[in-house]
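Visitor: Hey, could you walk me through this one? I'm new to reading structures.
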Amino acid sequence: MKRKLDLIIFDLDGTLYPANPELDRLYPEAAVRLLIKKTGGNPEKVKQEFLTKKAELKEQLNGPPTSTLTLFYYYNIGFEEYENTLDAMIAVENFIAPDPQSIAVLRKINRHYPIFLYTTNNEKVGMKILQRLGLADFFPPQRRFTLTDAGRLRVPRREKLNYIKPGEKGFTRILELHNVPAERTLMVGDSEVSDIQPAQKLGLHTYHVTDRQSFYRLPVWLRI
Ligand SMILES: [Mg+2]
């Protein structure tokens, strides 16, 4: 018998496609580039300060934060300007290739369960990645919550951070939107800090993606 779940939430980067160090490097690079532009500061100094802040946040979270969270946590940077900077820097086709097996896995899961995307990536870059992966149709606007959506919430800026993983409000918002209890929901992600720990704390089931093979095994784990 298949697992009784009312919703499966997927992370994007490192979950629906393998992490790519060259691509990952562009996120802190975009953050630093934006900070240099905004502050007119010395590039090396700005970079060092950013890395120090990221290490500080790592201590707080007991694990590495995303560059995105670090940027919004410590600096008054607009969601949109970061999104546009990244979008201009990232040519997804250079880093990401479609994977028929991942598409087949998602198609199979989607036949049995409602699926949703929760990502710290923004809408523009996230959509380009999904399109490149051939997964865009699985996650139309009502089936995803991106960094851009967190930025659009009509709450104070500080409060928006709670909607960025590993903040818990994004998870609870998704459960509320679908009217599903935590114990009938599965979080699928690659990050212990951003995906697994907060989901477990809220009582969701979790599935840790450690490599492609572990992602491919998800249907078997779901018993479908
Ligand atoms: Mg991830």
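Guide: Sure, let's start with a term: a contact means heavy atoms within 4.5 Å. This is a predicted model, and in it residues 24 or more positions apart account for 70% of the contacts with a separation of 6 or more.

Visitor: OK, and how many helices and strands are there?
Guide: The protein has 13 helices and 5 strands. Its radius of gyration is 17 Å, close to the 17 Å the globule rule gives for 224 residues, so it's as compact as a globular protein of that length.

Visitor: What share of the residues is buried?
Guide: Buried residues make up 51% of the 224. As for the surface, the protein exposes about 11000 Å², and carbon and sulfur atoms supply 50% of that.

Visitor: Switching to charges: how many positive and negative side chains?
Guide: There are 33 positive and 27 negative ones, and the centres of the two sets lie 3 Å apart.

Visitor: Anything odd in the backbone?
Guide: A bit of background: most residues other than glycine have a negative phi, and most peptide bonds are trans. Here, the bond from Lys165 to Pro166 is cis, with omega near 5 degrees. Pro166 sits in the loop between helix H9 (157-160) and helix H10 (169-178).

Visitor: And which residues have a positive phi without being a glycine?
Guide: Asn62 is one of them, at about 60 degrees, and Arg223 is another, at about 65 degrees.

Visitor: Where are they?
Guide: Asn62 is in the loop between helix H3 (43-61) and helix H4 (67-74), while Arg223 is in the segment after helix H13 (218-222).

Visitor: Is Asn62 buried or exposed?
Guide: Asn62 is exposed, with a relative accessible area of 66%. Arg223 counts as partly exposed, at 48%.

How values were computed: Residues numbered from 1 in each chain as written. Predicted model: local features only at pLDDT ≥ 70, side-chain atom pairs only at ≥ 80, totals over all residues. Heavy atoms only, no water. Helix = DSSP H or I, 4+ residues; strand = E, 2+ residues; numbered from the N terminus. Rg over C-alpha atoms; globule rule 2.2 N^0.38 Å. Buried < 20%, exposed > 50% of the residue type's maximum accessible area, 1.4 Å probe, protein only. Areas by Shrake-Rupley, 256 points an atom, 1.4 Å probe, with all protein chains shown as cover. Lys, Arg positive; Asp, Glu negative; His and termini not counted. Charge placed at Lys NZ, Arg CZ, Asp CG, Glu CD.
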